[in-house]
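Please open the model in your viewer and keep the sequence panel beside it. The tour below goes from one selection to the next and says what is found at each stop.

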Amino acid sequence: MGAAGAAGGGGAAAAAAVVSAASSGPVNLSSLSLTGTVTLGPMLAANQLRVVAYDRDGKILGSDETVEGTTGAFEIKITNGYSGVVIFKVLDGNPNDADYMDEATKTGLSLGKTGALPDLRAIVVTEGIVPKTVHINPLTELAAVKSGLAEGSVVTIQVLWQSS
């Protein structure tokens with residue numbers, strides 16, 4: 001099992017989300033299943049969050065339209081054979097409804113509400129490993145920003161792509 005973490009520093013190593021991988025040989029990326037969790041606090045069953053995966057040019061690779069209510073779990077299948085940088089972004093279908101419980105205040109919060117986190121993203125590289133789990137949380141958002149990904153953007157900077 002390998003894991004790549006993100007906290008400080010720069011470049012692709014800092015931008016990589018927490019990824020669990022199990023592979024020792026060539027990988028067939030014609031169909032790649034990426035599973036993971038969105039972690040902000042305890043998820044509310046009626047959340048309207050969805051996760052979208054983008055390639056390095058901002059084109060949609062796949063999405064999961066329903067983040068699991070209590071666990072924050074999601075699954076995205078990439079079937080076009082793409083390999084390289086994948087940017088995951090969590091989107092809120094209704095910014096007026098609470099999506100998760102803030103553990104400090106014990107109140108329901110919405111990801112899309114003004115004043116909340118502006119974005120929640122993670123970046124992984126699918127070349128050479130088989131990502132099994134991608135965790136998206138405030139630390140992976142920090143890593144995305146530290147890598148040079150502008151607020152709201154899903155297009156990677158050239159430096160990140162060249163270093164992957």
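Of the 164 residues of the protein, what percentage count as buried? In this predicted model, 41% of the residues count as buried. The accessible surface of the whole protein comes to about 7900 Å², and 54% of that surface belongs to carbon and sulfur atoms.

**The overall layout**

Begin with a cartoon view and follow the chain from the N terminus, where the elements run α-β-β-β-β-β-β-β-β-β-β-α-α, which gives 3 helices and 10 strands. Among the contacts with a separation of 6 or more, 67% come from residues 24 or more positions apart in the sequence.

**The nonpolar core**

Next select Val-38, Val-51, Phe-88 and Ile-136, which have the most contacts inside the largest nonpolar core, a set of 32 residues. At least two residues of this core come from each of strand 2 (32-38), strand 3, strand 5, strand 6 (85-92), strand 9 and strand 10 (131-136). In soluble globular proteins, nonpolar side chains tend to be buried together.

Now centre the view on Val-51 and show what surrounds this residue. Leaving aside neighbours within four places in sequence, Val-51 is in contact with a list of residues that includes Val-38, Phe-74, Phe-88 and Ile-136. Also among the contacts of Val-51 are Gly-62, Ser-63 and Asp-64.

**The aromatic pair**

Keep Phe-74 and Phe-88 selected, and show their rings. A search of the whole structure finds 1 aromatic pair, and the rings of Phe-74 and Phe-88 have their centres 6.2 Å apart with their planes at 50°, so the pair is tilted. Because Phe-74 lies in strand 5 and Phe-88 in strand 6, the pair ties together parts that are 14 residues apart in sequence. Phe-74 is buried, with a relative accessible area of 4%, and Phe-88 is buried as well, with a relative accessible area of 0%.

**The salt bridges**

How many salt bridges does a search of the whole structure find? The search finds 3 salt bridges, and each can be selected in turn.

Select Glu-141 and Arg-121, whose side chains meet in a salt bridge at 2.7 Å, N to O. Glu-141 lies in helix 2 (residues 138-146) and Arg-121 in strand 9, so the pair ties together parts that are 20 residues apart in sequence. Are these two residues, Glu-141 and Arg-121, buried or exposed? Both Glu-141 and Arg-121 are buried.

Move on to Glu-65 and Arg-50, where the side chains meet in a salt bridge at 3.4 Å, N to O. This pair links distant parts of the chain, with Glu-65 in the loop between strand 4 (60-64) and strand 5 (73-78) and Arg-50 in strand 3 (residues 49-54), 15 residues apart. Glu-65 is partly exposed, with a relative accessible area of 47%, and Arg-50 counts as partly exposed at 29% relative accessibility.

Then select Glu-75 and Lys-77, whose side chains meet in a salt bridge at 3.0 Å, N to O. Glu-75 is partly exposed, with a relative accessible area of 38%, while Lys-77 counts as partly exposed at 48% relative accessibility.

**Three loop residues**

For the last part of the tour, turn to the loops. Select Ser-110, which has its place in the loop between strand 8 (107-109) and strand 9 (121-125). Ser-110 is buried because its relative accessible area, 5%, falls under 20%. The side chain of Ser-110 reaches the backbone oxygen of Asp-97 at 3.3 Å, and a polar contact of 3.4 Å joins the side chains of Ser-110 and Asp-99.

Go next to Lys-106, in the loop between strand 7 (100-102) and strand 8. Lys-106 counts as exposed, at 62% relative accessibility. The phi of Lys-106 is near 60°, a positive value in a residue other than glycine. Most residues other than glycine have a negative phi.

Finish at Lys-59, which is found in the loop between strand 3 and strand 4 and is exposed, with a relative accessible area of 52%. Not counting residues up to four places away in sequence, Lys-59 touches Ala-53 and Tyr-54. If you draw a distance between C-alpha atoms from Lys-59 to Ile-87, these two residues, 28 residues apart along the chain, are separated by 9.9 Å.

Notes
Residues are numbered from 1 along each chain as its sequence is written. This is a predicted model: local features need pLDDT of at least 70, side-chain atom pairs count only at pLDDT 80 or more; totals for chains, interfaces and linings use all residues. Side-chain values use heavy atoms; hydrogens and water are left out. Helices (H or I, at least four residues) and strands (E, at least two) are DSSP runs, numbered from the N terminus. Buried means under 20% relative accessible area, exposed over 50%, partly exposed in between (1.4 Å probe, protein chains only). Contact means heavy atoms within 4.5 Å. Accessible areas come from the Shrake-Rupley method with a 1.4 Å probe; for residues, only the protein chains shown count as cover. A polar contact is a pair of N or O atoms within 3.5 Å; within protein, one must be able to donate a hydrogen and the other to accept it, and residues adjacent in sequence count only if both atoms are side-chain atoms. A salt bridge is a side-chain nitrogen of Lys or Arg within 4 Å of a carboxyl oxygen of Asp or Glu. A nonpolar core is a set of buried Ala, Val, Leu, Ile, Met, Phe, Trp, Tyr and Cys residues joined through side-chain atoms within 4.5 Å. Rings of Phe, Tyr and Trp (its six-membered ring) pair if their centres lie within 6.5 Å; planes under 30 degrees apart count as stacked, over 60 as edge-to-face and the rest as tilted.
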